[in-house]
Each structure stands twice: as C-alpha cells, then as structure tokens.
Amino acid sequence: MTAPKMYRTNIRDVPKVEGLARKDGWVEMQVQFLIDKKSAGADHVVGWTVLKPGARHESHRHHNCDEFFIVLKGKGHIYTDEGDKPSGEGDVVYSPRGCWHGFNNTSDEDVVLVWGWMGAGSIEASGYEVDPASHP
C-alpha cells in the first residue's frame with residue numbers, strides 16, 4: 001500500500017482560472033483553484049479570489065457541496081436569502097449546499113477572499129447554479 005503524499009503549491013505558481021463567463025455569474029473576478037481534484041486529487045477545493053472594485057460573484061448555489069469563505073482584505077456586500085448584507089475583513093461565511101450566496105465588491109479597494117468547497121473537487125462536481133434572477 002502506498003502512503004498518501006502531501007500536496008504543496010504556492011499561490012504565485014497557480015494560474016488564474018480562464019473562461020469564467022459573466023452569464024454564469026462571474027463578473028470581473030480573478031479566481032485561482034489552489035487545491036482541487038485536478039492538481040491534488042482532492043475531493044474539495046481551496047481557492048483564492050480577488051475582486052477589483054465593482055467585481056462580483058452573483059448569487060449562486062452548489063447542489064453537491066458546502067462552501068465557506070473568509071474575507072482577508074476589503075469590504076462589500078454578501079448576497080443572502082434575506083437580501084444584501086455588509087461584509088468586511090475578518091468575516092467568515094458558511095453556506096451549506098443548496099444555499100444561495102455571493103459577494104459584491106461595493107468599495108473602491110480590492111477584496112481578497114480565501115474559500116473552499118467541501119465535498120466537490122471541481123466546479124462540475126459542485127453542482128454550480130447561478131440564480132437566474134441575479135442578472136439580466
């Protein structure tokens with residue numbers, strides 16, 4: 001039996017995800033999948049996102065995984081079932097599978113998020129769905 005191997009990378013070595021479409025709720029976002037099924041054989045994802053001023057991840061949900069994110073820098077609004085709520089540095093947000101959520105950078109500075117999907121190692125496996133009411 002082969003022992004499991006540690007996976008290690010550096011954020012500077014991980015490419016930004018290409019092809020994130022506005023129609024799918026990704027508006028001017030810089031996203032990196034630091035750990036996922038493809039890179040590490042993991043059944044979860046750890047990611048890094050930078051939202052420039054005006055960038056947002058429209059309201060969406062995952063049918064097959066839970067998500068968390070931590071606001072490392074900046075402020076904006078999170079999308080919740082009860083409407084938009086202010087969010088800023090130090091906030092830790094957990095969205096169980098099926099729960100609508102998102103983030104809008106309403107400030108004039110970058111927002112930096114570290115986030116994870118628990119239970120899915122890729123966007124395809126996550127059961128990603130953008131809220132059709134969140135954009136025209």
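How do the residues of the lining of the largest pocket divide into nonpolar, polar and charged? A few notes on this predicted model follow, starting with that one.

1. **The pocket lining.** The lining of the largest pocket is made up of eight nonpolar, two polar and four charged residues. That accounts for the 14 residues around the pocket, and those nearest its centre are P15, V17, F33, D36 and K38. Two elements give two or more residues each to this lining: β1, residues 26-35, and α1, residues 37-40. The space in this largest pocket comes to about 290 Å³.

2. **The cavity.** You may also like to look inside the model. Searching the whole structure turns up one cavity of 30 Å³ or more, and the largest cavity holds about 160 Å³ of space. It is lined by 15 residues, with M29, H57, E67, L113 and W115 closest to its centre.

3. **Who builds the cavity wall.** At least two lining residues come from each of β1, β2 (44-62), β3 (66-73), β7 (101-104) and β8 (111-118). Among these contributors, β2 gives the most to the lining of the largest cavity, namely four residues. Sorted by class, the cavity lining has nine nonpolar residues, five polar ones and one charged.

4. **A contact worth a click.** T49 sits in strand β2, and the T49 side chain makes a polar contact with the side chain of W115 at 2.8 Å. Is T49 buried or exposed? T49 counts as buried, because its relative accessibility is 3% and the cut-off for buried is under 20%. Its partner W115 is also one of the residues closest to the centre of the largest cavity, so this is a handy place to start when you turn to point 2 on screen.

5. **The β4-β5 hairpin.** Strands β4 (residues 75-80) and β5 (residues 83-88) run antiparallel and are joined by six bridges. The two strands form a hairpin, with two residues between them. If you want a landmark for the register, G76 stands opposite S87 in β5.

6. **Salt bridges with exposed partners.** The model holds seven salt bridges. One of them pairs R22 with E28, whose closest N and O atoms are 3.8 Å apart. R22 is partly exposed, at a relative accessible area of 49%, while E28 is exposed, at 57%. Another links the side chains of D24 and K23, at 3.4 Å from N to O. Here D24 counts as partly exposed with 29% relative accessibility, and K23 counts as exposed with 60%.

7. **A salt bridge between strands.** R61 and E129 also form a salt bridge, their closest N and O atoms being 2.8 Å apart. What does this pair tie together? R61 lies in strand β2 and E129 in strand β9 (residues 128-130), so the salt bridge ties together parts that are 68 residues apart in sequence. E129 counts as partly exposed, with a relative accessibility of 25%.

8. **Where the points meet.** Strand β2 is a good thread to follow through these notes. T49 lies in β2, R61 of the salt bridge with E129 lies there too, and β2 gives four residues to the lining of the largest cavity. Strand β1 is another thread, as β1 gives two or more residues to the lining of the largest pocket and supplies at least two to the lining of the largest cavity.

Conventions:
Residues are numbered from 1 along each chain as its sequence is written. This is a predicted model: local features need pLDDT of at least 70, side-chain atom pairs count only at pLDDT 80 or more; totals for chains, interfaces and linings use all residues. Side-chain values use heavy atoms; hydrogens and water are left out. On a 1 Å grid over the protein atoms alone, a cavity is a set of points where a 1.4 Å probe fits but cannot get out, and a pocket is an open set with protein on both sides within 12 Å along at least five of seven lines; lining residues have an atom within 4 Å of a point. Grid points are joined across faces, edges and corners, and a volume is the space filled by probe spheres set on the points. Ala, Val, Leu, Ile, Met, Phe, Trp, Tyr, Cys and Pro count as nonpolar, Asp, Glu, Lys and Arg as charged, and the others, Gly among them, as polar. Two strands pair if DSSP finds at least two bridges between them. A salt bridge is a side-chain nitrogen of Lys or Arg within 4 Å of a carboxyl oxygen of Asp or Glu. Buried means under 20% relative accessible area, exposed over 50%, partly exposed in between (1.4 Å probe, protein chains only). A polar contact is a pair of N or O atoms within 3.5 Å; within protein, one must be able to donate a hydrogen and the other to accept it, and residues adjacent in sequence count only if both atoms are side-chain atoms.
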